[in-house]
Amino acid sequence: MHNGHNGEALAASPEEVTQDILRKHREFTPRFKALVAVLAVLFLLGVVGFIIRLQDGFEHRVKWGYYAAVVVYLLTTAQAAPMVAIAPRLAKANWRRPVSRAAEMFGVVGLFNLLLFIPLLFLLPSTEGRRTIWFDGPSMSPHIWDTLAMVFLVLCGLAMLWAGSLPDMAAARDHSSGRRQGLFAKLAMGWRGTDLQWFLIRHRIGALASLYFMFLVFTHFLIASDFVLGLVPGWKDSIFPAFQALSALQSSIATMLVTMFVLRKWCGYERYIGLEQFWALSKLLLATSLLWFYFWWSGFIIFWYGRQPVEQNVISLIISGPYLPIFFTTFILNFIIPLVLLIWNAVRRSILGPTVVGCSILVGTFFDRIRLYVSAFSIEDVTAHALTVVPPAHTPDIADILIIIGALSGAGLSYALATKVFPVVNIWEIKEYMLLRVQAAFHRMEVTILAKPE
Amino acid sequence: MQQRVSLEDRQINRDLLRGVLEHPLWWFALVGFVGLVLLAGVISTGYMITKGIGVTGLNRPVMWGFFITNFVFWVGISHAGVMISAILRLTQAEWRRPVTRAAEVLTVFALMTAALHPVIHTGRPWRLLYWAFPYDFSRGIFVNVRSPLIWDPSAIFTYLTGSSLFVFVALLPDLAVLRDRTTGIVHHVYSVLCLGWRGTPKQWKLQTVAGILLSALILPVFVSVHSIVSWDFAVATSVEAWHSTIFAPYFVIGAVHSGVSAVVTMMALMRWLWKWDKYIRPEHFDALGRLLIVVSTTWFFFFFLEVLFGIYGQESPEIALREMQIFQWPWSMLFIIFLLTAYFIPVPLWLFPKVRRSITLMFWTSILVNIGMWLERFLIIVPGLARKQPLTFSWGTYHPSIIEILIVAASFALVAFLLLIFSKVFPLIPLFEQKEGQLFAKELRVGRKKVPAVIREE
Amino acid sequence: MAQQSEHKWGMVIDLDKCIGCQACVIACQAENNVPLNTEEIFNQKRAIEWIRVERYWEGEFPNVKARFLPVLCQHCENAPCEPVCPVYATYHNQEGLNVQVYNRCVGTRYCQNNCPYHVRFFNYWTPQWPESLRNQLNPDVTVRSRGIMEKCTFCIQRIRRTTRNAKREGRKLEDGLLQPACAQACPTSTLTFGDLNDPDSKVSQLAKNSRNYKLLEKLGTDPNVIYLKKVDPKAAEELHA
């Protein structure tokens, strides 16, 4: 059967599963230590880059374009990744169970990204004299509200992660001793597995999940409106915030596919994460990639057809002008490659295929953020009536490259460290899955029977 | 909470063929009533075509009014079928089974009705030849493919073809059942229609594959149809209110919102009229209600973006337009009704499982949604035109004439009429889906509880 | 793009000269067989006026000033009405004119929706003239039936006749010889018509005036009708510029 890998795990006894995952959770392998060391060094390089950048001060927004791009990139990929746990959970899809924790743990990266977000606030001009979504509100509105949204999103992500891992914390508590036990006992908040506790955890996760989803979209709406649309005079584009949110959904799946691949290949979780997850996610990835094109095209055709000078200039700024090669790269990586590869069931139903597409999208989205944020940041006069001159492309310098490396490895580092606090594979959800799923004979076939509790 | 009942195949046949084989009085009464309204619309159309478009309330700034609003509305309703049948089939949602046929048929009839509107709207239907069937090479010109009005008929006819095939493929097994239960000429008609269906494993396989293929192929068409309808408006640079990039997804999700609500309305009616309580159950309304919460909230987000970025530029015509749309009597009243009915009454209600499981409440909320969605299109189309560009001298307003109102009413009658006729000829709930669903339904014992389960289709 | 042709017809409208007398409107009506606009039709906002004089009030009582703005089809080089017509009933010809082909029109009315200047008109009824006016109809101009869009043609019948005659007689077309009805009727020579391709023509000279602007320029329609601002320091910045 296609999901043989999962079948193997599900055939084991629940206690065996707990033991196995907790052992992996506990171990500090040499490989893990090496990874942490490398990431830490790279992160320090990023800090150096950031200090170099700080020497330029905050007057020239364009110099910070790549910094903004990488912050928003983390917002679109890592901070969106919990969606892979949220959406199927709300839709009661069972395949999510082994990967839901891995997805929720990206909430920790959100905390790291929140730190990176702070300098951006110094770069955002006041709203006076320009068109923003804040109209005549206080001139610091975007600074305040964008920060609040980011903070809330991160808090919500962490709360969801914690709430969803209480039973596993309790398991870790029960399977450890000494100071470790004390720590996990604290984290488990007295979890005993009573009916009431189970009832509460379900409702809490459900509520936090919906809240996270809405706040993710809302944060993207604010960031896209304030850091891109608001900085380009005369650019009036109602789909743009939605496009960025959709791009985040697409990237969340890509992020998770790559994470799952890493967990399978190098962290020894191949018993739990198998074809079933890759297959389900690759279908969603195909759908979101098609939607990516659809949202992009819906915006583009209106501007292109309308022939208004302002809109022609905006197209030139972000698509056909100085950033054309970057746009082409994005377009190929985010749409053409996913389409060409994922329409084949054989590719969707494999481990490697979806991972390759996931990597392609992760790279493509990075270029996409550069195209949008660097170009928006390179506009000098934000109070003009309309965009009349398209600024030339801004190329990254050494500090930008260091910052990019540092930010990405910092994100990786925070995730790696978090795996030692929370088990990266969800124990209780897998055990629940084992109860709800039965292989049985049906006429002359063997089929899977899935229980659908209300 | 699920109330599954196990039924014998024979009983399923008997119950679901009730619409075709029995002839209750209410059916004739309904057809008669609906037919009268339809007749009024046909007469009005004839009158308009002989006298001229002058009999409508249209004028210079407002060149598109009730007909185009209604056109968009019916294209929107037609998104029900694919949403329910194709998407839910591909995502293996079990609860789709009793709903599919009704949704697909609604799609086809709504689309046919929608396609009539542009023809009526031009006032000289015979000129359609130059437009939608542009094979008049004697003049040396082909149609203007740059015009969204050419994309429109292409998309609509593709969608109509696709969804008719969809209905037909899903009908085959049921047609065979009907063939076996009828005599005389009717028997022969069903024999021809069911294409020699014998229910062999090969036929079943082909039918399933065809269904899945059609689902996948029709999805892009489904998205494109309403996107193109939205581009009729959005590419018009001169009408600021229409020139919004969000329009395509906004219209598509709005269409799903109104289409799925229309399916809810239809399901409630089917349950009441044919007493199909065992087939259309509260859990189906529950599932549709959940779907609708997600769909309508996405729709509302897009609506919010549309309004926000409408006034974002702070240009005088846009501000004037929103003033007219939101604050000026009677538009303000329509706007409030629209907001309440399309979102703020139904969606908070649907959050309660009790509401989602109450057929009466679901029926009325779904009707509200469609009142709201009709007004939504109207409030986009007309005030946008009435406040076009800063040349205030030419701004205007619009009052529909009685002729337009009659024709719009008749379009509803036409869809109802076609559905009633369909119900007399074909079963409205697919028999084979029902039986298949029963086959897949299992029960699992989890701890001390029995939990409903399904066999996973591959 | 259309190949470069000899002429590019255009018009300059000097708002400083316009007195709002509506002579252009009447002249156009008579020349082009435009149906009569009764009060009822006017109030229904269905009046057909290929050229209209928009009147705006400026200032507060008692310091109220009337501002006049003659608006006719702007014959945009980049006309929004053209791409949206499904049957090519309106297209751009090589002489800078936006032309309407009556017998191709099916009546979708999309062109008027997409016209920012509100200068395209739909025949809601079959046009009718009182018996006394039957003989007044211009034989050079088609009478449009109902269900058809129509608009200013820059009096194309005159353009054709004059250029044809000049060609036949082998002389160059003299500037000022060719006048649409509205420009001819204007008592204050507010409207100047001519060939924008000819650098010496009066219209080209006037178009270079520092007061020049185009209506709704931000839409990028690139009209062939150029307006000259009113010479009045107190005049509000033209809101439609």
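1. In this predicted model, the contact between the first two chains draws 46 residues from chain A and 47 residues from chain B. Together, chain A and chain B bury about 4,000 Å² between them, and carbon and sulfur atoms account for 67% of that area.

2. As for polar links across this boundary, the interface of chain A and chain B has zero salt bridges under the rule applied, while 13 residue pairs, both members at pLDDT 80 or more, are in polar contact. On the side of chain A that touches chain B, at least two residues each come from α10 (195-227), α11, α12 (275-306), α18 (427-436), β1 (437-442) and β2 (445-451) of chain A. The largest share of that side is supplied by α12(A), with 12 residues. Sorted by class, the residues on the side of chain A that touches chain B comprise 26 nonpolar, 10 polar and 10 charged.

3. Turning to the other interface, 54 residues from chain B and 50 residues from chain C take part in the contact. The area buried between chain B and chain C comes to about 4,300 Å², with 54% of it given by carbon and sulfur atoms. Within chain B, the residues that lose the most area to chain C are Arg60(B), Leu391(B) and Phe393(B), which together make up 19% of what that side buries.

4. Arg60(B) deserves a second look here, since the rule finds one salt bridge across the interface of chain B and chain C, and Arg60(B) forms a salt bridge with Glu49(C) in which the closest N and O atoms are 3.9 Å apart. A reader checking this pair may wish to know that the cut-off for a salt bridge is 4 Å. Across the interface of chain B and chain C there are also 37 residue pairs in polar contact, both residues being at pLDDT 80 or more. The side of chain B that touches chain C receives two or more residues from each of α3 (25-51), α6 (100-122), α7 (128-131), α8 (148-181) and α10 (201-234) of chain B. By class, that side of chain B divides into 28 nonpolar, 17 polar and nine charged residues.

5. Among the enclosed spaces, a search of the whole structure yields 12 cavities of 30 Å³ or more, and the largest cavity holds about 160 Å³ of space. Of the 16 residues that line the largest cavity, Asp237(A), Trp296(A), Gly299(A), Phe300(A) and Ile318(A) are the closest to its centre. Two or more lining residues come from each of α11, α12, α13 (309-320) and α16 (352-377) of chain A. The helix α12(A), which gives the largest share of the side of chain A that touches chain B, also gives the most to the lining of the largest cavity, with five residues. By class, the lining of the largest cavity has 13 nonpolar residues, one polar residue and two charged residues.

6. Among the open spaces, the second largest pocket has a volume of about 1,100 Å³, and of the 35 residues that line this pocket, those closest to its centre are Leu35(A), Val262(A), Gly412(A), Tyr415(A) and Ala416(A). Its lining takes at least two residues from each of α2 (14-26), α3 (30-55), α4 (65-76), α7 (106-123), α11 (240-266) and α17 (398-418) of chain A. By class, the lining of the second largest pocket comprises 23 nonpolar, eight polar and four charged residues.

Definitions and conventions
Residues are numbered from 1 along each chain as its sequence is written. Chains are lettered from A and ligands numbered from 1 in the order in which they are written. This is a predicted model: local features need pLDDT of at least 70, side-chain atom pairs count only at pLDDT 80 or more; totals for chains, interfaces and linings use all residues. Side-chain values use heavy atoms; hydrogens and water are left out. On a 1 Å grid over the protein atoms alone, a cavity is a set of points where a 1.4 Å probe fits but cannot get out, and a pocket is an open set with protein on both sides within 12 Å along at least five of seven lines; lining residues have an atom within 4 Å of a point. Grid points are joined across faces, edges and corners, and a volume is the space filled by probe spheres set on the points. Helices (H or I, at least four residues) and strands (E, at least two) are DSSP runs, numbered from the N terminus. Ala, Val, Leu, Ile, Met, Phe, Trp, Tyr, Cys and Pro count as nonpolar, Asp, Glu, Lys and Arg as charged, and the others, Gly among them, as polar. Contact means heavy atoms within 4.5 Å. Buried area is the accessible area (1.4 Å probe) that two parts lose on being put together, summed over both. A salt bridge is a side-chain nitrogen of Lys or Arg within 4 Å of a carboxyl oxygen of Asp or Glu. A polar contact is a pair of N or O atoms within 3.5 Å; within protein, one must be able to donate a hydrogen and the other to accept it, and residues adjacent in sequence count only if both atoms are side-chain atoms.
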